[in-house]
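Here are two short exercises to work through with the model open beside you. Try each task before you read its solution.

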Amino acid sequence: MDQTTLNNNMIDGQIRPINGISEEVISAFSSINRSDFVPENLILNSYTEKNLRLSSDRYLLRPNLIGEIINHVSPRENETVLVLPASTGYSSAIISNLAETVIAVEEEDNLISIAEKGMNKSSINNVVILKKRITENCLDQGPFNAIIIEGAIDYLPDQFLEQLENDGRLFALIRKEGVTNATLFTKNKNTISSRFLFSCDAPKLNFFEKKNSFSF
């Protein structure tokens, strides 16, 4: 079975069933073959409904979780979106079909290589992959209309909320007492509000492990 058929089967089985999923997001998934954004040793597992382990502490999130994230953030065609970490670039590639520009931050060379190869194969030219520490800010590229943090974190640093445009959204998977809650933060002028979306099982990122300094 070819990769396009496998990709379509994944979309029908894992993306379309997401409650409230938009046709625009489904179309964006259809334009990208997930197998183009996984390491060669994981090609056979590209479309499975699970997180793919990339290294000892890094994962590519499962398709339906990425679908949930993108659907809740709802990138628009005139917006700039920050994705961190970029991982293999899969979600950034999908978002590139919805937003004007995607800034993706990654610090591991092998993941950047996979992401760049996938972008070239998919003829994507509105994704910028920056090699820098995930914990650094991106003031030179911001402010952003939306920010997505891909992976569970112990706390959300204030610096990322400060990089949001007015009416901007930030999606984060906040882990507390063993439970990971998907939360959407929004900025209205200088006021930050948050909304609980759902609880899930998501691999933990090792970048933000201090005691929570920003909570609601």
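Buried means under 20% relative accessible area, exposed over 50%, and partly exposed in between (1.4 Å probe, protein chains only). This is a predicted model: local features need pLDDT of at least 70, side-chain atom pairs count only at pLDDT 80 or more, and totals for chains, interfaces and linings use all residues. Residues are numbered from 1 along each chain as its sequence is written, and side-chain values use heavy atoms, with hydrogens and water left out.

**Exercise 1.** Classify the ring pair Phe171 and Phe198, and decide whether Phe171 is buried or exposed.

Step 1: Rings of Phe, Tyr and Trp (its six-membered ring) pair if their centres lie within 6.5 Å; planes under 30 degrees apart count as stacked, over 60 as edge-to-face and the rest as tilted. A search of the whole structure finds three aromatic pairs.

Step 2: Take Phe29 and Tyr90 as a warm-up: the centres are 6.2 Å apart and the planes at 75°, so this pair is edge-to-face. Both Phe29 and Tyr90 are buried.

Step 3: For Phe171 and Phe198, the centres are 6.5 Å apart and the planes at 40°, so the pair is tilted.

Step 4: Phe171 has 0% relative accessibility and therefore counts as buried. Phe198, at 14% relative accessible area, is buried too.

**Exercise 2.** Which residues do ring pairs link into a cluster?

Step 1: Start again from the edge-to-face pair of Phe29 and Tyr90.

Step 2: Add Phe37, and you have the cluster: ring pairs link Phe29, Phe37 and Tyr90.
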